Amino acid sequence: MELFERWAYYGMFAVLSVYLTDPVSKGGLGFSQEQRGVMQAIVTAILYLLPILGGAIADRFGYRKVLVAAFVTLASGYFAMGQFHAYTPVFVSFLVVAVGGAIFKPIIVATVSKTTAKGSDTLGFGIFYMIVNIGGFIGPWSASKMRDINWEYVFMMCSAVIIINLVLLFFYKEPAKEQKEKETLSQALNQIIKNTLIVLKDTKFVLFLLIMVGFWIMYMQLFFTVPVYITQWVDTTVIYNKLGFLQPVFGFVDEGIGLIRPEMMINIPAFTIILFQVIVSNRVASIKPIRTMIVGILVVALAFLQMRYYVNGWFIGLSLITLAFGEMASSPRIQEYISSIAPKEKVALYMGYSFLPLAGGNLLGGLLSGKLYGSLSDKYTMLRKYLVENGHYQLNEITEIDDAVLFDAGLEALNMNAHQLTQMLYDTYQPGMIWLVFVAIGLGTAVLLFLYNRFILKE
């Protein structure tokens, strides 16, 4: 079930930044980078915030019943996302997906925690994380092929994949739980509030959650910023030309030029994790989780630092492989660490809190991505600026022009081909500077986690 849910989610999410901001003339919705950032920030924050409530509800009403509600909600939301093209309806449809995902998440993580024995939990979560990335690999690849046909097919595919999970529910075994006297809904909600207050009084736990927000601000740029950055700036033809007979599998030909779409590029970390997660999990099992997390965060920061200096597809691919190893060392151990300190009867509730740093990271990361990319890295913003500053157009003449039409006008006005114009804008405005902001956030997070381990945990 996790595999299919991740297939649908990452299939949608891997292409979402491009879909929201691509020019209307190219099939996208033509929203601004800031609009994209606000939508992604708010909706994904809700996706990772609601499991606090969803986990407790699952403990109260039973995992199977709540999973049915989650899958119906998800399938409806995905389908609706492909039917609308105005900002508000797309926003609301995406929000429906977030609600369904928030109900689903803590149940599956809690199931893994309750069905792994002491001593096998590191391997158990490692295998779980590998399965997550198998879904995370298939989703973007299949979404890329669907959007070759029509963007609407991406969202229809996501909805269909979720419906498969309703069938898989027949094979799901409800984990054992304590026998309790039947509570009313109001009593259950009051207990949720009490449990939440108890958890929030654990200052060490809350401090850990706050520190990890920084990691997720940095990491989530893989989905917020990297797809748009690759679309606008990275030369992936160098990879396409070496694929040979695999060109139709992983490549795409756009106006006679072979390239690798961004969702295929950001599949590189998922494929790397599928190959190496179990090996890495076994290697780090004897190391304390906090120390492994610090190393992992530094490796992810290094990956984004590499993106600052290169637009060659091979170097970006190497950066994404580097990022995958950092993720393998850090992300699974966050959930393992929280699971190990959670009371067994409240595992789903505590697992809901494991997503709290993700909520903060997505909220701040999405807002930063939209704002910073719009001002520091957006190719069409830079093109407008260049054309106005060099006297080719007045600003009011090109403000409302479709971005793709503007780019063609720039090619004609400057007598350049697409590669030459892109390279000139890159050299002039240095859009890669955006990565230094997120590298700094990652380095700050690693330092704070080191201090937390040294002076709070005293390890």
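These are legends for four close-up views of a predicted model.

**View 1. The largest nonpolar core and its best-connected members.** This core has 128 residues, and the ones that touch the most other members are Met 12, Phe 208 and Leu 449. Helix α5, spanning residues 87–114, puts in the largest share, with 12 residues. Set apart from this core is another one of 6 residues, including Tyr 129, Val 280, Val 284 and Ala 324.

**View 2. Leu 449 and the residues it touches.** Leaving out anything up to four places away in sequence, Leu 449 touches Phe 208, Ile 211 and Met 212. Leu 449 also touches Ile 290, Met 293, Ile 294 and Ile 297. Phe 208 turns up again here: like Leu 449, Phe 208 is among the residues that touch the most other core members.

**View 3. Asn 267 in helix α15.** The helix runs over residues 267–284. Asn 267 has a relative accessible area of 3%, so it counts as buried. Setting aside neighbours within four places in sequence, Asn 267 has contacts with Gly 136, Phe 137, Pro 140 and Trp 141.

**View 4. A nonpolar patch on the surface.** Leu 207, Leu 210, Val 447, Leu 448, Phe 450, Leu 451, Phe 455 and Ile 456 make up this patch of about 730 Å². Two elements, α9 (203–219) and α24 (434–456), each give two or more residues to the patch. Helix α24 has the largest share, at 6 residues. Over in helix α9 sits Leu 207; its relative accessibility is 32%, so Leu 207 is classed as partly exposed.

Terms used
Residues numbered from 1 in each chain as written. Predicted model: local features only at pLDDT ≥ 70, side-chain atom pairs only at ≥ 80, totals over all residues. Heavy atoms only, no water. Core = buried A, V, L, I, M, F, W, Y, C linked by side-chain atoms within 4.5 Å. Buried < 20%, exposed > 50% of the residue type's maximum accessible area, 1.4 Å probe, protein only. Helix = DSSP H or I, 4+ residues; strand = E, 2+ residues; numbered from the N terminus. Contact = heavy atoms within 4.5 Å. Patch = residues over 30% accessible without salt bridge, like charges linked within 9 Å, V, L, I, M, F, W, Y side chains within 5 Å. Areas by Shrake-Rupley, 256 points an atom, 1.4 Å probe, with all protein chains shown as cover. Salt bridge = Lys/Arg side-chain N within 4 Å of Asp/Glu carboxyl O.
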